[in-house]
Amino acid sequence: MRLVIHAPNVHQGGGRALLSALLRLVAERSDVVAIVDSRFGLPMSMHSFSVDSRVSPTILGRLRAERRLRMLTTAATTILCFGNLPPLYRCKGRTLLFLQNRYLTGGLDPTGFPLRERLRIATERAWLRLRIGNVDEVIVQSPSMATEVEQVLGVRARVLPFAPEIPFQGQVEPSGEEAETLRFDFVYVASGEPHKNHDRLLDAWRLLAAEGITPSLGLTVDPDLFPDLVARIKETAASSGLQIENIGQASSDEIQALYRSTRALIYPSLGESLGLPLIEAHAVGLPIIAAEKDYVRDVIDPTDTFDPCSAVSIARAVKRFLGSPERSLAILSPREFLAAIEESR
């Protein structure tokens with residue numbers, strides 16, 4: 001085989017979208033094989049694709065996948081490790097590591113995860129550091145990620161950003177009667193990991209409601225993968241009278257429909273290696289209200305930004321977009337300050 005795509009732990013989120021795009025591209029090539037997660041469902045259009053192994057999400061399954069990878073390779077093979085981890089064994093051929101998980105490089109704090117997930121992240125961080133020497137080149141999606149890799153791992157990374165082709169480019173922001181039929185004021189296309197920052201977004205919506213401002217918000221959190229978060233979303237919306245709807249995990253067509261039926265994308269994530277929804281929303285001309293983070297400005301110039309660690313800042317950005325900006329604080333002169341003190345006696 002000339003190319004081996006090694007992705008034994010990719011099955012959801014942006015990684016799944018990127019891997020699916022690559023596999024579609026090479027689906028008819030006879031010199032490519034893939035090692036994929038058993039939870040990664042190949043689309044029907046790729047049913048004939050040459051999948052060498054389906055890896056079970058267990059320690060034993062992963063070790064078998066690593067041994068299989070070593071057996072498949074020759075000096076003429078290019079190995080693309082797509083699951084954020086280098087090979088456990090040094091393989092023949094040229095080995096590339098596509099690294100996009102900021103939990104592994106230390107750019108994101110895993111504290112919000114359950115204990116089992118934190119242990120997994122700690123194990124994978126150790127694997128990454130101990131086996132980075134088995135890689136000939138590290139590939140990342142953005143300049144900020146490359147900087148992080150060099151600081152943490154001590155290796156230079158090549159920046160090669162790519163995204164699935166966007167079939168719905170060229171749409172314009174609705175206006176007039178069309179705008180009145182929009183489904184949401186804001187949409188947040190994201191899975192439910194802690195760094196996606198849903199809880200602080202909910203806090204911002206509660207602050208807005210306390211001022212009598214109730215914009216509608218659409219979310220895309222999978223209830224099977226993140227049941228606790230989905231429960232919090234429903235409870236918050238019900239108890240505070242918020243217009244929040246979680247539509248669950250969305251397909252590409254459903255995301256296209258979301259972008260066409262919303263006023264703006266809001267993106268409070270604390271960190272991303274790329275941020276596919278930012279690219280998609282920008283391609284259709286949708287206004288983007290996003291965190292003031294390097295990863296955002298790596299790929300787009302947002303309409304407005306906020307501090308993602310502050311619900312107040314998020315709420316203020318929403319109010320600015322809705323045309324109800326908060327009044328600036330009135331600054332008193334020393335004379336006015338003194339007069340106010342004396343008048344209050």
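**A buried asparagine, two cores and a parallel sheet**

N84 is buried, at 10% relative accessible area (buried means under 20%, exposed over 50% and partly exposed in between, with a 1.4 Å probe and protein chains only). It's worth starting with the backbone here: N84 isn't a glycine, yet its phi is positive, about 75°. The residue sits in the loop between β4 and β5. Helices (H or I, at least four residues) and strands (E, at least two) are DSSP runs numbered from the N terminus.

A word on the model itself. It is predicted, so local features need pLDDT of at least 70 and side-chain atom pairs count only at pLDDT 80 or more, while totals for chains, interfaces and linings use all residues. Residues are numbered from 1 along each chain as its sequence is written, and side-chain values use heavy atoms, with hydrogens and water left out.

As for the overall picture, the protein chain has 13 helices and 13 strands, and its C-alpha trace spans about 85 × 45 × 35 Å along the principal axes. Of its 345 residues, 47% count as buried. Contact means heavy atoms within 4.5 Å; among contacts between residues at least 6 apart in sequence, 60% join residues at least 24 apart.

Back around N84, the strands on either side of its loop are β4 and β5, and these run parallel, joined by 4 bridges. Two strands pair if DSSP finds at least two bridges between them. L80 has L96 in β5 as its bridge partner. Strand β4 (residues 78–81) is also joined by 4 bridges to β1 (residues 3–7), again in parallel, with H6 opposite C81.

Further along the chain, 6 strands form an open sheet with parallel pairing, in the order β10-β9-β8-β11-β12-β13. Each of β10 (244–246) and β13 (304–306) has a single partner strand, so one side of each is left without a neighbour in the sheet. From one strand to the next the twist averages 25°. Inside the sheet, β11 (residues 262–267) pairs with β12 (residues 288–291) over 3 bridges, and I266 stands opposite I289. Helix α9 (residues 252–260) packs on this sheet, where it touches β8 (184–188) and β11, and its direction makes about 115° with that of β11. Axes here are lines fitted to C-alpha atoms, for helices over the stretch in contact, and angles run from 0 to 180 degrees between N-to-C directions.

I266 turns up again in the largest nonpolar core, which has 47 residues; W205, I244, L265, I266 and L278 have the most contacts inside it. A nonpolar core is a set of buried Ala, Val, Leu, Ile, Met, Phe, Trp, Tyr and Cys residues joined through side-chain atoms within 4.5 Å. Leaving out residues up to four places away in sequence, L278 touches L265, Y267, I288, A290, Y295, V296, V299 and I300. Another core lies apart from this one, with 29 residues, including L85 and L108.

Two more buried loop residues round things off. S273, between β11 and α10 (276–283), has a relative accessible area of 7%. Beyond its neighbours within four places in sequence, S273 is in contact with Q100, R102, Q141 and S142. A polar atom of its side chain lies 3.2 Å from the backbone oxygen of Q100. N197, in the loop between β8 and α7 (198–210), is buried at 4% relative accessible area. Its phi is positive, near 70°, in a residue other than glycine.

Methods. Polar contact = N/O pair within 3.5 Å; in protein donor to acceptor, adjacent residues only side chain to side chain.
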